[in-house]
Amino acid sequence: MNRNYLPYTLEQLVILQTVANDGSFKNAARSLFLTQPAVSLQIQNLEKQLKTTLFDRTKKQIELTESGNLLVRYSNRILTLCEESSRALDDLNELQSGKLIIGASQTTGTYLMPKIIGLFRQKYPNINVQLNVDSTRKIAWHIMNRQIDIGIVGGEIPKELKKILDITPYVEDELALIVPQSHPFVKTGSIKKEDLYNLKFITLDPHSTIRTVVDDTLSQNGIDVTRLKVEMELNSIEAIKNAVQSGLGAAFVSVSAITKELELNLLSCVKIEDMKIKRMLCIILNPNRYKTKASENFTNEILTLF
């Protein structure tokens with residue numbers, strides 16, 4: 001390869017990405033603070049240099065051609081490496097600031113990570129922390145694609161990534177059985193496993209991580225989950241907590257998600273004799289991604305919290 005000649009500039013790749021993401025030259029120009037003719041000219045020059053068409057302009061909204069899709073995928077990798085190299089140089093120059101991109105699964109990211117990030121920011125106030133909350137699967141792939149520094153997840157990591165990523169067990173997350181304050185079980189404090197058949201349950205959808213962990217644990221303890229009365233399936237922990245608080249049923253949720261409700265006596269936890277439902281939260285890293293001082297400090301700090 002002749003390194004004295006490259007077929008495109010980084011600026012052209014940024015413009016290509018922005019046009020692809022924003023869906024039009026006009027929107028891309030606005031995002032990049034450029035004129036629309038300037039954006040169009042850069043894309044035209046890029047197409048001439050590569051001797052290919054990157055966008056199908058025959059439709060109302062422009063679409064990437066097969067060549068365009070291919071180049072966008074490579075540009076994502078190229079620009080990610082550029083950002084990574086910049087951060088590595090910052091570390092080398094021992095700057096007092098830095099950026100840390102954290103990924104977390106839904107419950108962990110919503111209820112646990114803000115507290116952890118708050119403690120970290122008290123100690124390292126000049127580090128800019130970005131938190132991305134998504135499914136475990138998506139977070140794992142973002143780690144794989146070097147878009148996130150560190151992930152903390154509670155779900156099942158895709159099998160194809162388990163041998164590639166560094167996966168470290170972090171802390172156990174207990175799932176508690178919650179009921180409204182007015183429920184008769186509150187006075188007893190604990191119930192037998194068979195009493196679960198007398199409850200009306202509010203759950204997440206069957207494919208959610210928490211639902212899977214609960215069903216598997218109950219089955220392992222001799223509970224026929226098909227006999228449980230599922231009254232409602234909701235798509236968020238907040239909706240489930242509100243439904244339980246309103247007296248619509250009982251639910252299993254992460255203890256980290258109900259700290260405020262327990263303090264205010266809005267909900268109650270009921271123990272199940274001889275059974276606890278737990279899942280392991282894991283820290284995931286890409287061993288091939290440059291590990292910044294910010295990510296090293298964060299990893300070291302969170303490992304001392306529990």
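## A walk through a three-domain predicted model

Asparagine 265 sits in the loop that connects helix H11 (259-263) to E11. Since everything here comes from a predicted model, this loop is a good place to begin looking at backbone angles. The phi of asparagine 265 is positive, about 55 degrees, although the residue is not a glycine. With a relative accessibility of 53%, asparagine 265 counts as exposed, the cut-off for that word being over 50%.

Phenylalanine 33 is another residue to inspect in the same spirit. Its phi is near 60 degrees, a positive value in a residue other than glycine. Phenylalanine 33 belongs to the loop between helix H2 (25-32) and helix H3 (36-50), and at 78% relative accessibility it counts as exposed. A glycine also carries a positive phi: glycine 247, which follows H10, has a value near 85 degrees.

Here are the three positive phi values side by side.

| Residue | Place | Phi |
|---|---|---|
| Phenylalanine 33 | loop between H2 and H3 | near 60 degrees |
| Glycine 247 | after H10 | near 85 degrees |
| Asparagine 265 | loop between H11 and E11 | about 55 degrees |

### Domains

How is the protein divided? The assignment gives domain 1 (10-81), domain 2 (96-165 + 286-305) and domain 3 (172-279). The C-alpha centres of domain 1 and domain 3 are 49 Å apart. A separation of 51 Å is found between the C-alpha atoms of leucine 119 and threonine 52, which are 67 residues apart along the chain. Leucine 119 is part of helix H5 (residues 106-123) and is partly exposed, with a relative accessible area of 47%.

### The largest core

Which residues have the most contacts inside the largest nonpolar core? They are Leu177, Leu196, Phe201, Leu218 and Phe252, in a core of 35 residues. At least two residues of this core come from each of strand E6 (166-180), strand E8 (200-203), helix H9 (209-220), H10, strand E10 (251-254) and strand E11 (267-272). The most is given by E6, with five residues.

Leucine 196 shows how such a residue is surrounded. Not counting residues up to four places away in sequence, leucine 196 touches Leu177, Ile191, Phe201, Leu218, Ile223, Leu228, Phe252, Ile272 and Met275.

A second, separate core of 20 residues includes Ala104, Ile150, Ile152 and Leu285.

The strand pairing around E11 adds to the picture. E6 and E11 run antiparallel and are joined by four bridges, with valine 270 in E11 as the bridge partner of leucine 177. E11 also pairs with strand E7 (residues 190-191), here in the parallel sense and over two bridges. On that side, serine 190 has lysine 271 in E11 as its bridge partner.

H10 is worth viewing end-on. In this helix (residues 237-245), the buried residues are Ile237, Ile240, Lys241, Ala243 and Val244. Why do they line one face of the helix? Seen down the axis of H10, the buried residues fall within an arc of 165 degrees, so they line one face. The spacing fits a general rule: an α-helix has 3.6 residues a turn, so residues three or four places apart point the same way.

Just ahead of H9, serine 208 lies in the loop between E8 and H9. Is serine 208 buried or exposed? It is buried, with a relative accessible area of 13%. A polar atom of the serine 208 side chain lies 3.3 Å from the backbone nitrogen of arginine 211.

### Strand E5 and its neighbours

Strand E5 (residues 150-153) is covered on both faces: Ile150 and Ile152 are buried on one side, and Gly151 and Val153 are buried on the other. Strand E3 (residues 98-104) pairs with E5 in the parallel sense over three bridges, and glycine 103 has glycine 151 in E5 as its bridge partner. With strand E12 (residues 277-285), E5 pairs in the antiparallel sense, again over three bridges. There, isoleucine 152 stands opposite isoleucine 283 in E12.

Threonine 136 connects to this part of the model. It lies in helix H6 (residues 136-144) and is buried, with a relative accessible area of 7%. Leaving aside residues up to four places away in sequence, threonine 136 touches Ser105, Val153, Gly154, Gly155, Glu156 and Ile157.

Terms used
Residues are numbered from 1 along each chain as its sequence is written. This is a predicted model: local features need pLDDT of at least 70, side-chain atom pairs count only at pLDDT 80 or more; totals for chains, interfaces and linings use all residues. Side-chain values use heavy atoms; hydrogens and water are left out. Buried means under 20% relative accessible area, exposed over 50%, partly exposed in between (1.4 Å probe, protein chains only). The arc is that of the directions from the helix axis to the C-beta atoms. Contact means heavy atoms within 4.5 Å. Two strands pair if DSSP finds at least two bridges between them. Domain bounds come from an automatic or database domain assignment. A nonpolar core is a set of buried Ala, Val, Leu, Ile, Met, Phe, Trp, Tyr and Cys residues joined through side-chain atoms within 4.5 Å. A polar contact is a pair of N or O atoms within 3.5 Å; within protein, one must be able to donate a hydrogen and the other to accept it, and residues adjacent in sequence count only if both atoms are side-chain atoms.
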